[in-house]
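Work through the following exercises with the sequence and the model at hand. Each task is followed by a stepwise solution.

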Amino acid sequence: MVDEALTSADDELSAIADDELLTIGVFAARSRLSPKALRLYDRRGLLAPAHVDDATGYRYYRAAQVERARLVGLLRRLDMPLARVAGVVQAEGLEAADRLDWYWAQVEARIAEQRALVAELRDRLCGGTAEMDARFTVETVDIPERAVLIESRRPLVEELPTWIPESLDRLEAVARECGGVAGDPYAVYHAEVPAGSEAGTEGPVEACVPVADEAAARAWAERHYDGPGTARVQVEPAGRLARTRIVGDRVTLALFVAAFEAVERWVEAAGLEIAGPGREVFFPERVTAGPQGPGCEVAYPVR
C-alpha cells in the first residue's frame with residue numbers, strides 16, 4: 001500500500017515543472033524521504049530547500065532537486081555517514097563513483113575483520129584459552145642496545161594499515177642515509193588504539209626503525225625536526241623479548257589480539273614479567289611470502 005501511494009504521488013507530480021516550488025510534504029512524498037530527514041539534510045548542507053518563507057518558516061523545494069534527494073536517501077541506506085554522503089553527491093561522474101567504491105571497500109574490510117572476530121570469539125567461548133594458545137609458539141630472544149629512528153602518532157584503528165607502512169618507509173629511507181637499517185622495523189603500541197571519535201584519548205603508536213649510525217641519525221633529526229610527530233632518535237637498551245610469529249599475509253585484528261594474549265599468558269606461566277609495551281615486528285619478505293610466509297611477530301619486552 002505504501003509503494004502504491006508513493007507511485008500515485010509520483011504520477012500526480014510528474015507534470016510539475018522543474019522550476020515550480022513544492023511544499024516539504026509533497027517533496028518528501030516524491031523523494032521518498034521524511035520531512036524530518038529533509039530538515040536534517042538541510043542543517044548538514046546536503047539538501048537545502050530552494051526557498052524558506054520568512055514569515056512561516058515553511059520550506060519549499062524544486063522538482064529538479066528530487067534526484068539529488070533520492071540519491072542521498074539511497075546512500076544513507078548503505079549506512080554511509082553524512083560527511084561521506086556529501087562528498088559523493090558533491091562530486092560528479094567517475095569521481096563520485098570512485099568515492100562510493102572507496103567507502104564500500106572500507107565497509108567490506110571492516111566486515112571481514114568482524115567475521116574473523118566472530119570466529120575468534122566462538123573459539124574462545126567453546127574451547128577456552130588453551131586450545132587458542134596452541135596456535136602460537138612463544139620464545140624469547142635477546143636484542144642488543146641500538147639506536148632507533150621513531151615516528152609517533154595517535155592514530156585510529158582504521159588508520160594503522162596505511163600509516164604504519166608509510167611511516168616505516170619514510171624511516172627506512174632515512175636510515176639508509178645514516179649507515180643503513182640495523183634491524184627489522186617494528187611498531188610499539190603504548191595503549192589500546194581507539195576507534196572513531198575516541199582518537200587522541202590513549203597513548204601513541206610508535207613506528208620504529210633501527211639505524212646503524214646513531215650520530216648521523218641524530219644530525220639528520222636535528223636538521224629536519226618540525227614539532228610533534230617528527231622523526232626522532234632514541235637508544236633502545238639491550239634486553240629480551242618474548243615473541244610469537246603470526247604466519248600468513250593477512251593479519252586480522254582478532255588474530256593480532258589473540259597472539260598478544262598468548263604471549264602474555266606464556267610470560268606469566270614462565271615466571272617472567274612484562275617490562276614494556278607490546279610491539280609488532282615486520283619482515284621485509286612479508287610482502288611476497290604468501291599464505292604460509294613469515295607474516296609478522298608480536299612481542300613484549302620481558303625481565
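**Exercise 1: the sheet**

Task: determine the strand order of the open sheet and its edges.

Solution. Eight strands form an open sheet in the order 4-9-11-10-6-7-5-8, with antiparallel pairing (strands are DSSP E runs of at least two residues, helices H or I runs of at least four, both numbered from the N terminus; two strands pair if DSSP finds at least two bridges between them). Strand 4 (138-143) and strand 8 (232-236) each have a single partner strand and stand at the edges, so one side of each lacks a neighbour in the sheet. From one strand to the next, the twist averages 35 degrees.

The model is predicted: local features need pLDDT of at least 70, side-chain atom pairs count only at pLDDT 80 or more, and totals for chains, interfaces and linings use all residues. Residues are numbered from 1 along each chain as its sequence is written, and side-chain values use heavy atoms, with hydrogens and water left out.

**Exercise 2: a strand pair**

Task: state over how many bridges strand 6 and strand 7 pair.

Solution. Strand 6 (residues 186-189) pairs with strand 7 (residues 205-211) in the antiparallel sense over four bridges. Tyr189 has Val205 of strand 7 as its bridge partner.

**Exercise 3: two helices**

Task: describe how helix 2 and helix 3 cross.

Solution. The axes of helix 2 (residues 24-31) and helix 3 (residues 35-43) come within 9 Å and cross at roughly 100 degrees (axes are lines fitted to C-alpha atoms, for helices over the stretch in contact; angles run from 0 to 180 degrees between N-to-C directions). The two helices are therefore roughly perpendicular (65 to 115 degrees; under 35 counts as roughly parallel, over 145 as roughly antiparallel, the rest as oblique).
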